[in-house]
Amino acid sequence: MQRCTMNETASASSCSSTAMPMECYMVLDDTAQKTVIAVLCCIFGSLCILENSLVLYLIFSSRRIRNKPSYLFISSLATADTLVSIIFVSSFVNFHVFNRTDPSKEVFLLKLGGVTTSFTASLGSLLLMAFDRYICILKPSEYKVLITSRRALITLVVLWVTIMFIAFLPLLGWNCCTLNSTCSELFPFVDTKYLAIWIASVVILLVSIVYAYMHVLWKARKHVLYMKKHHSQVGQQNTRMRMDITLAKTLVIVLVVLVMCWSPVLVLMTYSLFTKLDDTVRKTFAFCSTLCLVNSMVNPAIYALRSRELCSSLRKVCSCLGRVPGFPESNPEAESTQKSCPIETIYEEVVCNAVAEPVKD
């Protein structure tokens, strides 16, 4: 494949065929690299589609589940992650592995907008889920009043519309060709100022998610200390401490997955704004991009498939297929809705029960 000098094309002020050839961005130049990328994308993408499609089916096949705000947020996350696996994998493999270019700039920016929408909507859904748990532990007695299905739907619509508008701004005219400005060295036709704003938006999303979950952990820990001080029952103290440890482990998993999957690409994107990139850095970015796909693949396991209600629905589906699932037997009491905070996810027992009693400052 014919190579080009990235320093010349990236700083070009026009978008003629000689100023910014697409080949400059096709950085995988040997069969081994392309094979690894193709295999990773196919494996992660297939698992991502399978897991998230299963989550969506389990949620929308049950009227009782799909009407709960918490599961509306989870369904938004699963939808975004499904789109990630379809749009990102197909576009990424076609471009970097098969070196296929689109017939026009508009077609490429349309695909890029789809990828940007799906990834950003995934993070936005994670933020709404974090906010959902934040409200749960901050005001557990008022949770049902504050977080309703109607409000959840309106919030999701606003989220998706806003993200789609921002993601398709390059297609609408905010690109280096139309503005005659500096192009990104990582994304064809993308203006560096737009990329900087998108990076800042994603960082704000991630910081907000981390803050919400750290506050949940701090609040639960504060309650455990209160219980140890004011209650003499050893068994009750041990239960609270086990719940605190479980919550800590869960939140560590959530935060580690987020940081490990998103930090590399964000760091490289930020680095590209201030300096010229060589082929090694751009190849590293191509491989690190698959980590964002990994995040979409593990999201169902962290946020959905450990839900008691979804596990119960999954057992019913497996029973209909004549298979024996590897889940514990259903317990009707365990599947009942929480009185003050009906979040049937990984945090339902740990968070909601941990704040059942008031904490004195």
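## The disulfide

A disulfide links Cys 176 with Cys 183, the two sulfur atoms lying 2.0 Å from each other. That is a good place to start in this structure, which is a predicted model. The torsion about the S-S bond of Cys 176 and Cys 183 comes to about 95°, so this disulfide is right-handed. Both ends are out of view from the outside: Cys 176 is buried, and Cys 183 is buried as well.

How many disulfides does the structure hold? The count is 1.

Cys 41, by contrast, takes part in no disulfide. Its nearest cysteine sulfur belongs to Cys 42 and sits 7.0 Å away, whereas a disulfide calls for sulfur atoms within 2.5 Å. Cys 41 has a relative accessible area of 0%, so it counts as buried. Cys 48 is buried too, again with a relative accessible area of 0%.

## The overall picture

Stepping back, the protein has 14 helices and 0 strands. Reading from the N terminus, the order of elements is α-α-α-α-α-α-α-α-α-α-α-α-α-α.

The protein has 361 residues, and buried residues make up 50% of them. Of its contacts with a separation of 6 or more, 78% are between residues 24 or more positions apart. The exposed area of the protein is about 17,200 Å², with carbon and sulfur atoms supplying 65% of that.

## Asn 175, just before helix 9

Let us return to the region of the disulfide. Asn 175 belongs to the loop between helix 8 (169–172) and helix 9 (176–179). Is this residue, Asn 175, buried or exposed? Its relative accessibility is 1%, and buried means under 20%, so Asn 175 counts as buried.

The side chain of Asn 175 reaches back to the backbone oxygen of Pro 170, at 2.7 Å. Setting aside neighbours within four places in sequence, the contacts of Asn 175 include Lys 105, Leu 109, Phe 189 and Asp 191. Pro 170 and Ser 181 are also among them.

## Tyr 25, between helices 1 and 2

Tyr 25 is found in the loop between helix 1 (6–10) and helix 2. With a relative accessible area of 4%, Tyr 25 is buried.

Which backbone oxygen does the side chain of Tyr 25 reach? That of Ser 184, at 3.0 Å. Tyr 25 also shows how the chain brings distant parts of the sequence together: Arg 282 is 257 residues away in sequence, yet the C-alpha atoms of Tyr 25 and Arg 282 are 8.1 Å apart in space.

## Asn 299 in helix 12

Another asparagine to look for is Asn 299, which lies in helix 12 (residues 279–303). Asn 299 has a relative accessibility of 1% and therefore counts as buried.

What does Asn 299 touch, leaving aside its neighbours within four places in sequence? Its contacts are Leu 77, Asp 81, Ser 122, Leu 126 and Ala 304.

## A nonpolar patch on the surface

To finish, turn to the outside of the model. Val 39, Ile 43 and Leu 47 make a nonpolar surface patch of about 230 Å². Ile 43 has its place in helix 2, which covers residues 31–60.

Why does Ile 43 count as partly exposed? Its relative accessibility is 44%, and the partly exposed class lies between the buried limit of 20% and the exposed limit of 50%.

Notes
Residues are numbered from 1 along each chain as its sequence is written. This is a predicted model: local features need pLDDT of at least 70, side-chain atom pairs count only at pLDDT 80 or more; totals for chains, interfaces and linings use all residues. Side-chain values use heavy atoms; hydrogens and water are left out. Patches are made of residues with over 30% relative accessible area and no salt bridge: like charges are joined within 9 Å, nonpolar side chains (Val, Leu, Ile, Met, Phe, Trp, Tyr) within 5 Å. Accessible areas come from the Shrake-Rupley method with a 1.4 Å probe; for residues, only the protein chains shown count as cover. A salt bridge is a side-chain nitrogen of Lys or Arg within 4 Å of a carboxyl oxygen of Asp or Glu. Helices (H or I, at least four residues) and strands (E, at least two) are DSSP runs, numbered from the N terminus. Buried means under 20% relative accessible area, exposed over 50%, partly exposed in between (1.4 Å probe, protein chains only). A polar contact is a pair of N or O atoms within 3.5 Å; within protein, one must be able to donate a hydrogen and the other to accept it, and residues adjacent in sequence count only if both atoms are side-chain atoms. Contact means heavy atoms within 4.5 Å.
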